[in-house]
Amino acid sequence: MKRILLFVLTNFAVMAVLLITTRILGVDRFLTANGLNMTALAGFSLVIGFGGAIISLLMSKPMAKFSTGARVINQPQTADEAWIVETVRRFADKAGIGMPEVAIFEGAPNAFATGAFKNSALVAVSTGLLQNMTKEEVEAVIGHEVAHVANGDMVTMTLIQGVMNTFVVFLSRVIGYAVDSFLRRGSDSNSGPGIGYMVTTIVMDIVLGFLAAIIVAWFSRQREFRADAGAAGLMGRKQPMINALARLGGLTPGELPKTMQALGITGGLGKLFSTHPPIEERIAALQQAQG
């Protein structure tokens, strides 16, 4: 709940900073004189940026189950299922969080953790992961996912995405209105924003959206290093996590749905937009870590 409160306060703080900055620079006076209601725009940006992100967070567990076809283990049917549930329970107790739901989904090697709250999260592993890794390596991957939950990474990423969304919505429309006002200077028409506003806003939504995606991906990569270290801490040594990463590096990872790629143990391609660091960098970080 503390992170949810931080999420709300941060979004309000972002809006306050944007409004104060436009006032200091005198931008608000120019835009207000040309018909733009800055307060209304700030409220709209907050609702879009905050609202969309928080709804996504609150729906993360059911959407993850639906999109991956994950089957929650309510009553273990096999020795492997019982071992997975017990491993998650042991790590959750050690990390000081509530017992997450545990699930298995069909597919190539991967795993993910999701959920809006630390004490009611979901940890899922794929059948491909269980079939291609040793128990110690699977244990390390589970530790990695539990570390994500313990670190509050799902809320943190939602916070960052929400802030970026707010910036994109607000700035694209401010720039769009400024461009439109410039193009229509001297005109007597006051029928509202014209084509300059619409085109500029669309273009800036795309451009700023790309920049926001790069920033969000960078934060996502940093949390992967922390989760790797967290897994090593939960297991009491780092070699199992190193071995698990090395094994993943030699396998074809499973592709999670696009909206969930940041949640998995492996990520997509493209350095700037990748949600996960290269396997080699993650292994090197663990090897260089103390302990």
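# Reading the helices and the sheet

Q: Where is Glu81 found?
A: Glu81 is found in helix H5; the model is a predicted one, and the values that follow are computed from it.

Q: Why does Glu81 count as buried?
A: The relative accessibility of Glu81 is 7%, and a residue is called buried when its relative accessible area is under 20%; Glu81 therefore counts as buried.

Q: Which residues is Glu81 in contact with, leaving aside its neighbours within four places in sequence?
A: With those neighbours left aside, Glu81 is in contact with Arg71, Ile73, Gln75, Pro76 and Ile104. Two of these names return in the sheet, where Arg71 has Ile104 in E2 as its bridge partner.

Q: What makes E1 and E2 a pair of strands?
A: Two strands pair if at least two bridges are found between them; E1 and E2, which run antiparallel, are joined by two bridges, and they therefore meet that condition.

Q: What is the order of the strands in the open sheet?
A: The four strands of the open sheet are arranged in the order E1-E2-E4-E3, and their pairing is mixed. Because strand E1 (71–72) and strand E3 (111–114) each have a single partner strand, they stand at the edges, and one side of each is left without a neighbour in the sheet.

Q: How do you know which way E2 and E4 run, and how many bridges join them?
A: Strand E2 (residues 101–105) and strand E4 (residues 122–126) run parallel and are joined by five bridges. Among the partners, Val102 is matched with Val123 in E4, and Phe105 with Ser126 in E4.

Q: In what sense do E3 and E4 pair, and over how many bridges?
A: The pairing of E3 with E4 is antiparallel and extends over four bridges. In this pairing Ala113 stands opposite Val123 in E4, while Ala111 has Val125 in E4 as its bridge partner.

Q: Why is E2 described as largely enclosed by the rest of the structure?
A: Of the five residues of E2, four are buried, so the strand is largely enclosed by the rest of the structure.

Q: What makes E4 mostly covered?
A: Five of the five residues of E4 are buried. Leu122, Ala124 and Ser126 point one way from the strand, whereas Val123 and Val125 point the other way, and all are buried.

Q: How do you know that both faces of E3 are covered?
A: On one side of E3 lie Ala111 and Ala113, on the other Phe112 and Thr114, and all of these residues are buried.

Q: Why are H5 and H7 called oblique to each other?
A: Helix H5 (residues 79–95) packs against H7 at an angle of about 45 degrees, with the two axes 9 Å apart. Angles under 35 degrees count as roughly parallel and those of 65 to 115 as roughly perpendicular; about 45 degrees falls in neither range, nor is it over 145, and H5 and H7 are therefore oblique to each other. The crossing in which H5 passes H7 is right-handed.

Q: Which residues in H5 meet residues in H7?
A: Asp80, Trp83, Ile84, Thr87, Val88, Arg90, Phe91, Ala92 and Ala95 in H5 meet a set in H7 that comprises Lys135, Val138, Glu139, Ile142, Gly143, Val146 and Ala150. Sorted by class, this contact has ten nonpolar, two polar and four charged residues.

Q: What makes H7 roughly perpendicular to H10?
A: H7 and helix H10 (residues 239–249) have axes that come within 8 Å and cross at roughly 100 degrees. The range that counts as roughly perpendicular is 65 to 115 degrees, so H7 is roughly perpendicular to H10. In this contact Glu136, Glu137, Ala140, Val141 and His144 in H7 meet Pro240, Met241, Asn243, Ala244 and Arg247 in H10, and the residues divide into five nonpolar, two polar and three charged.

Q: How many helices and strands does the chain have?
A: Its secondary structure comes to eleven helices and four strands. Of the 291 residues in the chain, 48% are buried, and among contacts with a separation of 6 or more, 71% are accounted for by residues 24 or more positions apart.

Notes
Residues are numbered from 1 along each chain as its sequence is written. This is a predicted model: local features need pLDDT of at least 70, side-chain atom pairs count only at pLDDT 80 or more; totals for chains, interfaces and linings use all residues. Side-chain values use heavy atoms; hydrogens and water are left out. Axes are lines fitted to C-alpha atoms, for helices over the stretch in contact, and angles run from 0 to 180 degrees between N-to-C directions. A crossing is left-handed if the near helix is turned anticlockwise from the far one by less than a right angle, and right-handed if clockwise. Contact means heavy atoms within 4.5 Å. Ala, Val, Leu, Ile, Met, Phe, Trp, Tyr, Cys and Pro count as nonpolar, Asp, Glu, Lys and Arg as charged, and the others, Gly among them, as polar. Buried means under 20% relative accessible area, exposed over 50%, partly exposed in between (1.4 Å probe, protein chains only).
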